[in-house]
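Trainee: Hi, could you help me read the spot around a ligand, and then a pocket?
Mentor: Sure, let's bring the model up.

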Amino acid sequence: MTAELRYRTARTDETTIIVGRGLAAEGSLPAPFERAVFVVDERVASLWAESLGRLASALAHQSWMMRLEAGETAKTPEGAARLIAELSAIGIAKDDWLVGVGGGTITDLTSFVAQIFLRGTKCALVPTTLLAQIDAAIGGKSGLNLDGGKNRIGSFYHPAWVFCDTLFLDTLPERQLRSGVAEALKVFAVSDGDSFNGIARDTRVLTESVRRDDLVDSAVRAKAILLEQDPYESCPRRLLNFGHTFAHSFEEESRFTLTHGEAVLLSMLCETRIGLLLGVCAEEVFEDLYYAVDLYLSAEARRFRASTDQICKALRHTRSLRAGRDDMITLSAIGRGTLVSLVPPDVAVAAWDEVSALFHRDES
Ligand code: GLY
């Protein structure tokens, strides 16, 4: 006898994101969790010891702090195993909370471990970098690096809460702020032309905290609109992969001396140049993007060079991820992302050569 049985697995996770300045001091946090482990970036723990103490007592009746060295080497299977061993030693249970406090590497690692430890503990995130507040901690993507490859392991595990406290951004080095603005430019470039233009000609988000706070609010809103339609990346959310076809490969090639945001800025230019060469967008679209990237790209990133092999390898990687469909996001206009398929490698190489030449020109 053959039987065919089916059941549906529609997920109904809900994430609440709170954006504000000095959240713990203002008392704008939800009713406390019973028990929580705070997985905290070492640098944040030293700079913000008092605020973190307030945050922990505002959020949980009983809490533990685990301080970790953040960075790409933290989010590995070995890093996850170490964290799991510590959670077991404490005796963390399924109803307890894991709270990731730090940049994207800490929030990626915490989300991943929260999903697999005891087949799922509760998860909340407190992103402390601009990039994590705008992108990495928003949308439930977790990730671990494997054999030097970025995010080779990962999943979707939407946290119940994300607390974007913009106070933490005040001690961020400028290069990290620029890196965060890259992700804001990305989400606006594919979905909101007016907001893109707002930061494309005015770098005061780097120096004025009020402008930065507004930027976090508007970028999170723009991303949430896409997430609400597509939380598990089957269609519109893929627009957020703009700037990511080459970015991971650029980061790996630079041995992670490029920040993620810098790699995204360079990749956005390359993908838009491809769009131009394929007739998807007009020259002015590329020019507008270049103008914005030029404002925010650090001196270190301008010196980065990728080989033809690297470009082709990134394309092959995209193709292997999508079973032969090397889809890529490019722009048809500022504020409108679009999908292109089957990009010929010679077009990608020509596009990257043209983008690199712009920086060579600027150097000479
Ligand atoms: N970082 C892209 C996304 O969340 O989909």
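Mentor: Start with classes: Ala, Val, Leu, Ile, Met, Phe, Trp, Tyr, Cys and Pro count as nonpolar, Asp, Glu, Lys and Arg as charged, and the others, Gly among them, as polar. Here the shell around the ligand has 1 nonpolar, no polar and 6 charged residues. This is a predicted model, where local features need pLDDT of at least 70, side-chain atom pairs need pLDDT 80 or more, and totals for chains, interfaces and linings use all residues. Residues are numbered from 1 along each chain as its sequence is written, and side-chain values use heavy atoms, without hydrogens and water.

Trainee: Which residues are around the ligand?
Mentor: A residue is near if one of its heavy atoms lies within 4 Å. Here they are Asp135, Lys141, Lys186, Lys223, Glu233, Arg237 and Leu240.

Trainee: Which side chain has an N or O atom 2.7 Å from a ligand oxygen?
Mentor: A polar contact with the ligand is a pair of N or O atoms within 3.5 Å. The side chain of Lys223 sits 2.7 Å from a ligand oxygen, that of Arg237 2.8 Å and that of Lys141 3.1 Å. Taken alone, the ligand exposes 200 Å² (Shrake-Rupley, 1.4 Å probe), and the protein buries 92% of that.

Trainee: What lines the second largest pocket?
Mentor: Rolling a probe the size of a water molecule over the atoms shows where empty space is left. Of its 15 lining residues, Asp13, Thr15, His158, Leu227 and Glu228 lie nearest the pocket's centre. By class, the lining has 7 nonpolar, 4 polar and 4 charged residues.

Definitions and conventions
Polar contact = N/O pair within 3.5 Å; in protein donor to acceptor, adjacent residues only side chain to side chain. 1 Å grid on protein atoms, 1.4 Å probe; cavity = no way out; pocket = protein on both sides within 12 Å on 5 of 7 lines; lining within 4 Å.
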